[in-house]
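Let's take a walk through the charged side chains of this model and see who pairs with whom. Have the structure open and follow along.

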Amino acid sequence: MKSKLVIIIALLIAVVSLSSCKVNKQYVQYISKKEDIKTPETKKVIVFATDNVRVNEFKQTFEKNFPEKGDFTLDFMEEFSNKGLTNNLFSNILIDNNSFKYENVNTENSDYVIYFSNFEIANRVEWNNVGGMGMNGVGMNNTTSVEYCVINVKVEIYDAKNDKEIIDFVVIGEESVFMFDFTKTLNKAKERAVEHIINYLKSGKTEYKKY
């Protein structure tokens, strides 16, 4: 009974120490800002994206869910449009799925144009050493690994009235693989990338507790 109690206490200590070691991570990086978007909630926006996506990892999952790379970028834009409107980021968000260059976008009825590019699907593996007590009361270390799906995307915003780029930055969305559900992991990483874009444009937030 005593040995079981020692094991339970050791496990609780390990869990607490791991949770307390959580650090912040910069999920919005390489920011180049020329000017602010004034009263964004009143502005009309057009979004467009490249159809080129570098799929370095999660290739089978990506191809199963998005037969064409353009399907992924369209899904990304639709999610940005839906969540951006829900969060009152802009007054209107239209998607241009036919243009791949700023020069081809019809900006007549818009205030700003947002361009998503440099999409990359990658992974990272995080190794953790967890201390504990063996059955005989002797200390021991266990090494565990967690795989993450990581989505990078570059965001460029243009003032449509004078055709001038006013801000660009790179956003990272990531999620850990759980129970081998790779589709859910990929979609959650994509969702987080979109959320980080919206949060940054609304509040300037760039850091989050590491997922």
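Is Glu 79 buried or exposed? Glu 79 is buried, with a relative accessible area of 15%. Keep in mind that we're looking at a predicted model, so every number here is computed from predicted coordinates.

Stay with Glu 79 for a moment, since it has a charged partner: Lys 83 makes a salt bridge with it, and the closest N and O atoms are 3.4 Å apart. Both Lys 83 and Glu 79 sit in helix α3, which spans residues 69–86. They are four residues apart, or about one turn of the helix.

Now for a pair that reaches across the sequence. Lys 25 forms a salt bridge with Glu 174, with 3.3 Å between the closest N and O atoms. Lys 25 belongs to strand β1 (residues 24–26) and Glu 174 to strand β8 (residues 164–176), so this pair ties together parts that are 149 residues apart in sequence. As for accessibility, Lys 25 comes out at 22%, which counts as partly exposed. Glu 174, on the other hand, is buried, at a relative accessible area of 0%.

Next, head over to Asp 111, in the loop between β5 and β6. Its side chain meets that of Lys 161 in a salt bridge, at 3.9 Å from N to O. The loop holding Asp 111 runs between β5 (92–95) and β6 (112–133), while Lys 161 lies in the loop between β7 (139–159) and β8, so the bridge ties together parts that are 50 residues apart in sequence. Why does Asp 111 count as buried? Its relative accessibility is 19%, and buried means under 20%, so Asp 111 falls on the buried side of the cut-off. Lys 161 is a clear case at 59%, which counts as exposed.

Salt bridges can also share partners, and here that links Asp 75, Glu 79, Lys 83, Lys 188, Lys 190, Glu 191 and Glu 195 into one network. The helix α3 pair we began with, Lys 83 and Glu 79, is part of that network.

What else does Asp 111 touch, leaving aside its neighbours within four places in sequence? Its contacts are Thr 42, Lys 43, Lys 44, Tyr 158, Asp 159, Ala 160 and Lys 161. Lys 161, its salt-bridge partner, turns up in that list too.

And how many salt bridges does the whole structure hold? A search finds 17, including the Lys 25 and Glu 174 pair.

Note on methods
Residues are numbered from 1 along each chain as its sequence is written. This is a predicted model: local features need pLDDT of at least 70, side-chain atom pairs count only at pLDDT 80 or more; totals for chains, interfaces and linings use all residues. Side-chain values use heavy atoms; hydrogens and water are left out. A salt bridge is a side-chain nitrogen of Lys or Arg within 4 Å of a carboxyl oxygen of Asp or Glu. Helices (H or I, at least four residues) and strands (E, at least two) are DSSP runs, numbered from the N terminus. Buried means under 20% relative accessible area, exposed over 50%, partly exposed in between (1.4 Å probe, protein chains only). Contact means heavy atoms within 4.5 Å.
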